[in-house]
Amino acid sequence: MFTYFVHRVLIMIPTLLVISILTFVIIQLPPGDYLSNQLEELRSQGESASAMAKIAFYREQYALDKSPIEQYALWMGFWPGPNGFSGLIQGNWGQSFAYDLPVKEVVGDRLGLSFLINFSTILFIYVVAFPIGVYSATRQYSIGDYGFTLIGYLGLATPNFLLAMVLLYYANVYFGVSIGGLMDDKYINQPWSFDKAMSVLDHMIVPVIVIGTSGTASMIRRLRANLLDELQKQYVTTAKAKGVPRLKALIKYPIRMSLNPFIADIGNLLPDVISGSVIVSMVLSLPTVGPLLLEALRNQDQYMAGSLLMFLALLTVVGMFISDVLLAVLDPRIRLTGGATK
Amino acid sequence: MMRVFTYPLRSLLGSYLRALFGVTLTLVPLLLLNPISVIVYLLVFLLCAFVWYGLRAILRQFTCFEVSGAGIVMSGPIRRHIKWEELDGFNLNYYSTRRDREAGWMHLKLKGGGARLSIDSSISGFEELVRLVSQAAAENGLVPDKNTARNMQALGITRPDRRPSVAFGTANQ
């Protein structure tokens, strides 16, 4: 297992480096940058000497006049700039040109809230999908199975943002609940307290359901299919014939075996959940990194966009790492193709 | 007659390169880039893991496993032995970092008499070693778990029903 861990980490570190390069290339792809756009705007309005000087300062400070490779090395903290090594690795996320503030200050609690929402969504998906999947498989073609299958297909077919808008409307009209935002207005920009945490939990229910619906639906389908495969195997028939109690014959092997793809799917689920949460955050006005990221990409606020994209990529890569390690622990078996192969 | 199994240097080369690559990837940022504390803790943890991985490769280079009718002995910098009659657990796991689970490696773990042995499939004659261990396990009435059974099947080893003494005799002829 230790060897597996080392091999897997050795894949993960270069993966993150490649992602950082791709992220930087993507945010550099559009012509110009935030400052050149600002410069054009100022020129069209008649130049302001102080604004022009500020832009020139930023251009020098953040090496925007240098080659993309140098800019990348400075951004990551691989190369010393005017203030020595001062990049992502050193905890300096750069400057948000649009807000005229360090990215770290603009982002504030949003990273933590984004992590909380994504983590809660994954948890929600597993907690809901597991019992329903098991029920649907063990009571195949029952009314309950048909009901859950229908709900599952609806969940798969409904876009998250549409579901968010529908819930936004009905929660307000029928329950008088405003589900926009992630906490009551009085707690915004206030220090963390128990009441604020409870308010966040209260506001998280709807976003988690909205983001998690399609993932839950696909997980139910997958677990149902896996478990049905297992339940039709001869060892289950033998166990039943020998009088093994029904519940034990279900839990002992079939459920355990059908859990493997269930866990392996965290890797596929995470990118969906994270990208889904970005869009849903826009619709529900959630103070996560989603709306900031979209705004930064639109404005070409390159350090803001780059830092947020790196954070989302890191979440995905770490999630996949955890999923792979769990799978290696749960299912350390070779895959047999046809005959016995090594 | 005794059979000796060692890790060929060629199979350890990959481990040495991985350890070196890992140490470089973690040590260079630690020494040159002055990272923030969270990254420092993470890099130090990973550095320790890579150093241990490298040390383990060195240990393996000087370790050999001697298998006889009496038991299995690990000799080298660390010496351990398990008598066959004391063997009370073994499992054979398969790991792969690829999504299609190809190009992986196996890992054999034995325990008995208060000792534990851990052997990688990069050792020379791994299949024969697994066969001998499974015969000894069968003699002790040990039933392999489902994962072990599947992995043994992949190696073309079915659960033997012969006595290990006979098996060791034939294996050494």
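Four bridges join strand S2 (residues 64-67) of chain B to strand S3 (residues 71-75) of chain B, and the two run antiparallel. Strands here are DSSP runs of E with at least two residues, helices are runs of H or I with at least four, and both are numbered from the N terminus; two strands pair if DSSP finds at least two bridges between them. The model is predicted, so local features need pLDDT of at least 70 and side-chain atom pairs count only at pLDDT 80 or more, whereas totals for chains, interfaces and linings use all residues. Residues are numbered from 1 along each chain as its sequence is written, and chains are lettered from A and ligands numbered from 1 in the order in which they are written.

Within the pairing of S2 and S3, B:Val67 has B:Ile72 of S3(B) as its bridge partner. S3(B) also pairs with S4(B), again in the antiparallel sense and over four bridges, and here B:Val73 is matched with B:His81 of S4(B). The connection between S3(B) and S4(B) is a hairpin with four residues between the strands, and B:Gly76 in the turn has a positive phi of about 140°. These strands belong to an open sheet of four in chain B, ordered S1-S2-S3-S4 with antiparallel pairing. Strand S1 (3-6) and strand S4 (80-83) of chain B stand at the edges with a single partner strand each, so one side of each is left without a neighbour in the sheet. From one strand to the next the twist averages 15°.

Chain B contains a further open sheet, of three strands in the order S5-S6-S7, with antiparallel pairing. Its edges are strand S5 (87-95) and strand S7 (115-120) of chain B; each has a single partner strand, so one side of each lacks a neighbour in the sheet. The twist in this sheet averages 15° from one strand to the next. Strand S6 (residues 105-112) of chain B is joined to S7(B) by six bridges, the two running antiparallel, and B:Lys111 has B:Arg116 of S7(B) as its bridge partner. Helix H3 (residues 126-139) of chain B lies across S5, S6 and S7 of chain B, running at about 145° to S5(B). Such angles run from 0 to 180 degrees between N-to-C directions, with axes fitted as lines to C-alpha atoms, for helices over the stretch in contact.

Chain B is divided into domain 1 (7-61) and domain 2 (65-171), with bounds that come from an automatic or database domain assignment. The C-alpha centres of these two domains of chain B lie 29 Å apart. Four residues of domain 1 of chain B are in contact with six residues of domain 2 of chain B, contact meaning that C-beta atoms, placed from the backbone, lie within 7 Å.

In chain A, the UniProt record (an unreviewed entry) places the feature "transmembrane region" at several stretches, including residues 115-138 and 204-223; such annotations may be inferred rather than shown by experiment. Residues 115-138 of chain A are 100% helix, with end C-alpha atoms 35 Å apart. Residues 204-223 of chain A are likewise 100% helix, and their end C-alpha atoms are 26 Å apart.

The contact between the chains takes 24 residues from chain A and 27 residues from chain B. Helix H1 (residues 2-28) of chain A gives the most to the chain A side, with nine residues.

Chain A averages a pLDDT of 81, pLDDT being the predictor's confidence in each residue, from 0 to 100.

Key:
Contact = placed C-beta atoms within 7 Å.
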